[in-house]
Amino acid sequence: MRPLRYSINVTLDGCVHHEAGVAPEEESMRFWTNEMEGADALLYGRTTYEMMQSAWRRPPTGTWPDWMRDWEIPFAERIDRTRKHVVSSSPGAVDWNAELVQGDLELEVRRLKQEPGGALLTGGVTLPRALADLGLIDEYVFVVHPVLAGHGPTLLAGLRERIRLELTDRHEFRSGAVALRYRPSPNPE
C-alpha cells in the first residue's frame, strides 16, 4: 500500500494560510522539491488544486514567468508534471494532469492508496482534516516557520479526536524553520 503524506508550511502559532508571511526561500524550496520527488501523485481539494495550479502550472508559452527565481523552477517543473487527484463535490472539469475524485472520500482514497506507485502527497486545510479524521494519513510533514501570524486558518482545526504522533525525523533550516516528520503513534493513549 502506498503511503499518504500530509505536508504543509505552518507558523509557530499554527497558521497554515499561504499568505501568513511564510515566504519561500531557497533552502525550504529544495526541501519541498525533494518531498515532491518522493511521491508520484498529489491529492488536493479543489481550492488547493486551483491555488497550486495558478502558481505552478507551466505557462502555455513553455517559459516560466519572470517573477520565478531559478531555485523555484525545479519545484515548479516537478509539480507541473506530477499526476493530481482533485477531491471535489462540485462538478466541473480539471486538467493540469489531473482527474476528479468524487463519491465516498474514504473508499476513493483507500482505492488510490492500493494503486501501485510511490507516496501520495496531500496539502491544504479542509481535505487533510477529513483524511486525518478517517485515519488515512500515514505521515505528517510540517515545516514550522519562525513567524507568528496572529490570524488565519490553523493546522487541522476541528479535528474530531486527538491523534497521537511519533517524531521520526527533523531538519533545521538556516532561516530558523524546522521540518518535522511524524507518523501516527501505534500506541494511542
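This passage describes the overall fold, the surface and the nonpolar cores of a predicted protein model. Residues are numbered from 1 along each chain as its sequence is written. Local features need pLDDT of at least 70 and side-chain atom pairs count only at pLDDT 80 or more, whereas totals for chains, interfaces and linings use all residues, and side-chain values rest on heavy atoms, with hydrogens and water left out.

The protein contains 5 helices and 8 strands, taken as DSSP runs (H or I, at least four residues, for helices; E, at least two, for strands) and numbered from the N terminus, and along the sequence these follow the order β-α-β-α-α-β-β-α-β-α-β-β-β. The C-alpha atoms fill a box of roughly 50 × 40 × 30 Å along the principal axes. Of the 189 residues, 44% are buried, that is, under 20% relative accessible area with a 1.4 Å probe and protein chains only. Among contacts (heavy atoms within 4.5 Å) with a separation of 6 or more, 71% join residues 24 or more positions apart.

The largest nonpolar core, a set of buried Ala, Val, Leu, Ile, Met, Phe, Trp, Tyr and Cys residues joined through side-chain atoms within 4.5 Å, has 26 residues, and those with the most contacts inside it include Phe31, Trp56 and Ile79. At least two residues of this core come from each of several elements, among them helix H1 (26-37), helix H3 (73-81) and strand E6 (139-145). Ile79, its neighbours within four places in sequence left aside, is in contact with residues including Met36, Leu42, Lys84 and Trp96. Another core of 25 residues, including Ala41, Val109, Ala132 and Val178, lies apart from the largest one.

How values were computed: Buried means under 20% relative accessible area, exposed over 50%, partly exposed in between (1.4 Å probe, protein chains only).
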